[in-house]
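Trainee: I would like to learn how to read a structure like this one, feature by feature. Where do we begin?

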Amino acid sequence: MERPAIIVIDMLNDFVHGSLKCERALRIIPNIKKLIDFSREKGIPVIFSNDAHYPQDPEVVNRWGAHAIKGTKGAEVIPELKPSERDYVVDKRVYSGFFETGLDPLLRSLYRGEGVKTVILCGLHTHMCIRHTAADAFFRGYKIVVVKDGVEAFTEEDHISGLKYLVDAYNAKLMTVDEIIASLK
Ligand code: ZN
């Protein structure tokens, strides 16, 4: 895997325990922890792509109600996965981590300006923010790995159909945390 970066999406209090609580998110926490601990040790960039909404954002008003409002506890990364000082945190205001954020310039600046080539996506939800972030990564020419045991959705059906779409549309490679770690060693 060439010039990888880990992107952890929406592992926030509101998405795991709060207003958009997702029981199924609990099972991916230790897997993501293992992956980001390994990556930090290896010097592989770890980037948190976090909802940080204004109350008037379309997602809040037109779809989900208040969640991950900027500056609130609900918008903080869950304590188990707390970003380290060397990690990057990039706020977003829609599903995609790329849409009108600094994510793309950040990725291009890494690896001494050579830029990230492969984005490794984990977090929530398989068929929503992972999917939209994967779309924008694909449009920009990044290779995409989705952490098979590091993404989840509200239901099994959404999760499974979400994974299938990522493969069909964006040629995402589905890999477990252990497979990714083995390939990056
Ligand atoms: Zn949102």
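Mentor: With one residue and its surroundings. Keep in mind that this is a predicted model. Apart from neighbours within four places in sequence, D136 is in contact with S96, F98 and F99.

Trainee: Where is D136 placed?

Mentor: D136 sits in helix α5, which covers residues 129-139.

Trainee: Is D136 buried or exposed?

Mentor: The cut-off for buried is under 20% relative accessible area. D136 has 15%, so it counts as buried.

Trainee: How should I read a charged side chain such as this?

Mentor: Look for a partner. Side chains of opposite charge can pair when their charged atoms come close. Here the side chains of D136 and R140 form a salt bridge, at 3.6 Å from N to O. R140 is partly exposed, with a relative accessibility of 34%.

Trainee: How many salt bridges does a search of the whole structure find?

Mentor: The search finds 20. Some are joined up: E2, R3, E114 and K117 are linked in a network of salt bridges.

Trainee: Which parts of the chain does the pair D10 and K92 link?

Mentor: Start with the pair itself. The side chains of D10 and K92 meet in a salt bridge of 2.9 Å, N to O. D10 belongs to the loop between β1 and α1, K92 to strand β3, and the two are 82 residues apart, so to speak distant parts of the chain. Both D10 and K92 are buried.

Trainee: What does the side chain of K92 meet in the salt bridge with D51, and at what distance?

Mentor: The side chains of K92 and D51 meet at 2.9 Å, again taken from N to O. This pair also links distant parts of the chain: K92 is in strand β3 and D51 in strand β2 (residues 46-51), 41 residues apart. K92 has a relative accessible area of 1% and is therefore buried. D51 is buried too, at 0%.

Trainee: Let us turn to the metal. Which residues are the protein donors of the zinc ion?

Mentor: For a metal site, list the donor atoms, then look at distances and angles. The donors of the zinc ion are D51 (OD), H53 (NE2), E59 (OE) and H67 (NE2), at 1.9 to 2.1 Å from the ion. Their spacing in sequence is D-x1-H-x5-E-x7-H. Of these donors, H53 is buried, with 1% relative accessibility, and D51 is buried with 0%.

Trainee: Why is the arrangement around the zinc ion irregular?

Mentor: Four donors count as tetrahedral if all angles lie between 85 and 135 degrees. The four donor atoms here subtend angles of 92 to 150°, which makes the arrangement irregular.

Trainee: Now the sheet. How do I read one?

Mentor: Strands of a sheet pair through backbone hydrogen bonds, either parallel or antiparallel. Here an open sheet of six strands has parallel pairing, in the order β3-β2-β1-β4-β5-β6. The edges are β3 (88-92) and β6 (173-175); each has a single partner strand, so one side of each has no neighbour in the sheet. On average, neighbouring strands are turned by 25° against each other, direction ignored.

Trainee: Over how many bridges do β5 and β6 pair?

Mentor: Over three, in the parallel sense, with β5 covering residues 143-152. V147 has M175 in β6 as its bridge partner. Helix α7 (residues 177-184) packs on the sheet, where it touches β1 (4-9), β4 (118-124), β5 and β6. The direction of α7 makes about 100° with that of β6.

Trainee: And strand β2?

Mentor: β2 pairs in the parallel sense with β1 over four bridges and with β3 over five bridges. S49 is a handy marker: I9 stands opposite S49 in β2, and V90 in β3 is the bridge partner of S49.

Trainee: Are the faces of β2 covered or open?

Mentor: In a regular strand the side chains alternate between the two faces of the sheet. V46, F48 and N50 lie on one side of β2, I47, S49 and D51 on the other, and all are buried, so both faces are covered. Six of the six residues of β2 are buried, so the strand is largely enclosed by the rest of the structure.

Methods
Residues numbered from 1 in each chain as written. Predicted model: local features only at pLDDT ≥ 70, side-chain atom pairs only at ≥ 80, totals over all residues. Heavy atoms only, no water. Donors = N, O, S within 2.8 Å, 3.2 Å for Na, K, Ca; no water. Tetrahedral: all angles 85-135°; square planar, octahedral: opposite > 155°, others 65-115°. Buried < 20%, exposed > 50% of the residue type's maximum accessible area, 1.4 Å probe, protein only. Pairing = 2+ DSSP bridges. Axes fitted to C-alpha atoms, helices over the stretch in contact; angles between N-to-C directions. Contact = heavy atoms within 4.5 Å. Salt bridge = Lys/Arg side-chain N within 4 Å of Asp/Glu carboxyl O.
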